[in-house]
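Please look through the following model with care, and keep the sequence beside you while you read the report.

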Amino acid sequence: MTLRIVEIFGPTIQGEGVLIGEPTVFIRAGGCDYRCSWCDSLHAVDSAFRHSWLPMEPEAVWQQARDLSGGQPLTISISGGNPAIQDFAPVIALGRAEGYRFACETQGSIAKPWFADLDTLVLSPKPPSSGETVDWAAFADCVQAGQGVRQTVMKIVIFDDADYAWAKDAHARHPDLPLYLQPGNPEVDPDLPVDPQALADRLLWLTEKTMADAWFAPRILPQLHVLIWGNKRGV
Ligand SMILES: C[S@@+](CC[C@H](N)C(=O)[O-])C[C@H]1O[C@@H](n2cnc3c(N)ncnc32)[C@H](O)[C@@H]1O
Ligand SMILES: Nc1nc2[nH]cc(C(=O)O)c2c(=O)[nH]1
Ligand code: SF4
Ligand SMILES: [Mg+2]
């Protein structure tokens with residue numbers, strides 16, 4: 001089954017959430033069922049970029065990811081777009097046979113049986129500022145599909161007070177999922193520089209708000225790759 005692939009890149013470090021700082025190779029899948037207002041990966045979402053997505057067989061995808069890792073088994077991160085639109089089971093099977101680990105980033109709108117083959121499932125339900133509405137039944141199906149995975153976590157992007165309040169509700173729905181919060185990056189144009197002080201200010205705001213609220217469930221993290229490389233693609 002041919003896959004639609006935007007880019008395969010690395011090695012780099014995982015910039016977000018539970019695996020932050022871990023060396024990894026990314027496979028970015030093309031196409032998404034959402035259109036988040038602040039999406040930082042529009043080149044994997046907007047059909048205007050479709051012409052740049054490559055149809056690839058699982059063997060070719062695996063070969064490229066493996067070559068980038070220098071044949072050293074590490075964690076392969078599958079992201080997108082929403083990778084759950086497609087079937088990554090064959091790629092995961094090829095990598096696992098060689099001792100690689102797999103993580104997947106998805107919003108939790110579509111459940112796939114291959115979630116069970118992952119080591120880390122990152123579910124990132126979208127808060128009000130995204131303009132999307134979460135189907136919590138579909139999200140629960142994703143959690144269910146990931147039963148048996150070493151770790152399933154929830155990661156929520158926070159832009160404002162409404163997102164923060166929403167995150168508390170999301171956590172209450174799935175209190176057993178370790179929770180990660182990251183401040184939203186409002187400047188996602190790959191051709192424009194990010195303002196590191198503005199990002200730090202957002203992290204400060206989110207951290208102080210959460211501590212003042214004595215909400216100790218989440219871990220709060222920046223997007224490390226954005227601090228290092230800005231909005232550059234392929235890192
Ligand atoms: C580009 S998405 C791809 C995977 C999947 N579609 C999802 O949203 O989980 C990867 C991660 O980046 C986060 N993200 C996207 N745009 C962002 C922004 N402007 N600021 C902070 N995080 C962002 C998403 O919430 C998600 O956790
Ligand atoms: N270094 C790095 N870390 C990331 N964590 C999540 C990413 C994504 O776009 O899914 C991402 C990415 O694109 N690069
Ligand atoms: S779900 Fe993820 S890839 Fe899709 S539009 Fe939202 S942030 Fe972008
Ligand atoms: Mg990203």
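How do the residues of the shell around ligand 2 divide into nonpolar, polar and charged? This shell holds three nonpolar, six polar and two charged residues, where Ala, Val, Leu, Ile, Met, Phe, Trp, Tyr, Cys and Pro count as nonpolar, Asp, Glu, Lys and Arg as charged, and the others, Gly among them, as polar.

The model is a predicted one, in which local features need pLDDT of at least 70 and side-chain atom pairs count only at pLDDT 80 or more, while totals for chains, interfaces and linings use all residues. Residues are numbered from 1 along each chain as its sequence is written, and chains are lettered from A and ligands numbered from 1 in the order in which they are written.

**The ligand shells**

A residue is taken to be near a ligand if its C-beta atom, placed from the backbone, lies within 6 Å of it. Among the residues that surround ligand 2 are Thr12, Ile13, Phe26, Ser41, Glu105 and His225. Ligand 1 is surrounded by 20 residues, of which Asp40, Ser41, Glu105, Ser124 and Asn185 are the closest, and strands β5 (101–106) and β7 (151–158) each supply at least two residues of this shell. Around ligand 3 lie, among others, Cys32, Cys36, Cys39, Ser41, Gly80 and Gly81.

| Shell | Nonpolar residues | Polar residues | Charged residues |
|---|---|---|---|
| Ligand 1 | five | twelve | three |
| Ligand 2 | three | six | two |
| Ligand 3 | five | five | one |

**Two helices in contact**

Helices (H or I, at least four residues) and strands (E, at least two) are DSSP runs, numbered from the N terminus. The axes of helix α1 (residues 58–68) and helix α2 (residues 89–96) come within 9 Å and cross at roughly 45°, the axes being lines fitted to C-alpha atoms over the stretch in contact, with angles that run from 0 to 180 degrees between N-to-C directions. The two helices α1 and α2 are therefore oblique to each other, since angles under 35 degrees count as roughly parallel, over 145 as roughly antiparallel, 65 to 115 as roughly perpendicular and the rest as oblique. Their contact, which requires C-beta atoms, placed from the backbone, within 7 Å, involves residues including Val61 and Trp62 of α1 and Val91 and Leu94 of α2.

**Backbone details**

A cis peptide bond with omega of about -5° joins Gly10 and Pro11, and Pro11 lies in strand β1 (residues 3–13). The bond from Gly80 to Gly81 is also cis, with omega near 15°, and Gly81 lies in the loop between β4 (75–79) and α2.

How values were computed
Two residues are in contact if their C-beta atoms, placed from the backbone, lie within 7 Å.
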